[in-house]
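Here are my comments on the model we discussed, set out as numbered points so that each can be checked against the coordinates. Please read them with the structure open.

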Amino acid sequence: MRVIVFASQKGGSGKTTICGHMAVQAARTGHGPVAMIDTDPQGSLAQWASERRNAEPGYIQLELANLREGLIEARKEGYRLVCVDTPPSLTREISKALSYADLVVMPTRPSPHDIRAVGVTVDLVEFHNKPMVFIINGATPRARITSDAAVALSQHGTVAPSFIHNRVDYAASMIDGRTVMEVKPDGTSANEIAEVWSYLAERLARMDDTLNGVPDPTEYTRTVTNLNVMRRRPAAFGRRSVSA
Ligand SMILES: Nc1ncnc2c1ncn2[C@@H]1O[C@H](COP(=O)(O)OP(=O)(O)OP(=O)(O)O)[C@@H](O)[C@H]1O
Ligand SMILES: [Mg+2]
């Protein structure tokens, strides 16, 4: 079983939207059974999941504090992939959630504010020594700022080669528990989700099942208090960083 944790301290970066879309796309492309877990008290993913008419992917209801037990149960039940949505904060519990990840996905909007904010989450992911991928979300087609953002983010880690653009159908599809693939399977948005998922699936395929060795969470409880000293300087952003 693989675990993808969608994390970013930055609010509104697209964690919930992309978590739901990746889980559905994974199920549609034969990577299931897939389960989703919402660890955010806001409950956006949980509400969306409860509106879904399609039973795939499954949804596991639990509190963030019980994530480890939930993942062990999910593995026993035969799930092959679990997509975990997290709140926009950095707490001890989120640190633990990251420690269970096979892959951390960090949706990031191509804006200077969002790019400058990634450092703290990246530090925590690096502390746990987890593979991480940035997904640029909310990009404007053909805008120079998107490639500038990709360059700036690449100073921190791997950037998915396909971007998710800003389109109203991402929000609209989720109103009634669907995804862009279920509303318009041949649409541009569905195609970009397919591309992003196929990249993540390839990354996962090359990894070992780290959950087999789920470590004792008490090993990780020192993380958050140490974060202040782990902060890095924000990456340069903008045209200068491209030409540098
Ligand atoms: N690519 C996109 N195009 C258009 N709207 C988007 C896109 N991605 C996300 N949104 C919208 O942006 C808002 C924030 O997205 P989302 O809830 O997925 O972010 P989040 O990171 O989970 O937020 P939070 O940090 O509050 O949990 C939502 O209204 C969502 O519908
Ligand atoms: Mg969210």
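1. Helices and strands are here DSSP runs, of at least four residues for helices (H or I) and at least two for strands (E), numbered from the N terminus. In those terms P57 is placed in the loop between α2 and β3, the latter covering residues 58-60. The peptide bond leading into P57 from E56 is cis, with omega near -5 degrees. Please keep in mind throughout that this is a predicted model.

2. On the overall architecture, the secondary structure of the chain amounts to eleven helices and eight strands. The chain has 244 residues, of which 45% count as buried. If one takes the contacts in the chain between residues at least 6 apart in sequence, 80% of them join residues at least 24 apart.

3. A second cis peptide bond deserves a look alongside the one before P57: G32 and P33 are joined by a cis bond whose omega is about 5 degrees. P33 is found in the loop between α1 and β2, where β2 spans 34-38.

4. Which residues are closest to ligand 1? They are K15, T16, T17, P88 and A171, within a surrounding set of 18 residues. The elements that contribute two or more residues to this shell are α1 (15-28), β6 (132-139) and α7 (168-174). Of these, α1 supplies the largest share, which comes to three residues. By residue class, the shell around ligand 1 holds eleven polar, four nonpolar and three charged residues.

5. Is G20 buried or exposed? G20, whose place is in helix α1, counts as buried because it has 27 C-beta neighbours inside 10 Å, and the threshold for that class is 20 or more. Leaving aside residues up to four places away in sequence, G20 touches M36, L45, W48, M174 and T179. G20 and D38, which are 18 residues apart in sequence, have their C-alpha atoms 9.9 Å apart in space.

6. Two of the residues that G20 touches, L45 and W48, also appear in the packing of α1 against α2, where T16, C19 and G20 in α1 meet S44, L45 and W48 in α2. The residues of this contact divide into three nonpolar and three polar, with no charged residue. Helix α2 covers residues 44-51, and its axis lies 9 Å from that of α1 at an angle of about 40 degrees. An angle of that size makes α1 oblique to α2, and the crossing in which α1 passes α2 is right-handed.

7. Helix α1 has a further partner in α9, and here the two axes come within 10 Å and cross at roughly 75 degrees. The angle therefore makes α1 roughly perpendicular to α9, as angles of 65 to 115 degrees are assigned to that class. On the α1 side the contact involves H21, M22, Q25 and A26, which meet I193, A194, W197 and L200 in α9. Six of the residues in the contact of α1 with α9 are nonpolar and two are polar, while none is charged.

8. Helix α9 spans residues 188-205 and includes A205. This residue is exposed, because A205 has 9 other C-beta atoms within 10 Å, and 12 or fewer is the condition for that class. How far apart in space are A205 and R2, C-alpha to C-alpha? The distance between A205 and R2 is 9.3 Å, although 203 residues separate them in sequence.

9. Two backbone conformations should be inspected individually. For N129, a residue other than glycine, phi is positive and near 60 degrees. N129 lies in the loop between α5 (112-127) and β6, and counts as exposed because it has 7 C-beta neighbours inside 10 Å. For R142, likewise a residue other than glycine, phi is positive and near 65 degrees. R142 lies in the loop between β6 and α6, a helix of residues 144-154, and R142 is exposed, since 8 other C-beta atoms lie within 10 Å.

How values were computed:
Residues numbered from 1 in each chain as written. Chains lettered and ligands numbered in written order. Predicted model: local features only at pLDDT ≥ 70, side-chain atom pairs only at ≥ 80, totals over all residues. Near = placed C-beta within 6 Å. Nonpolar A, V, L, I, M, F, W, Y, C, P; charged D, E, K, R; others polar. Contact = placed C-beta atoms within 7 Å. Axes fitted to C-alpha atoms, helices over the stretch in contact; angles between N-to-C directions. Parallel < 35°, antiparallel > 145°, perpendicular 65-115°, else oblique. Left-handed = near helix turned anticlockwise from the far one by under 90°.
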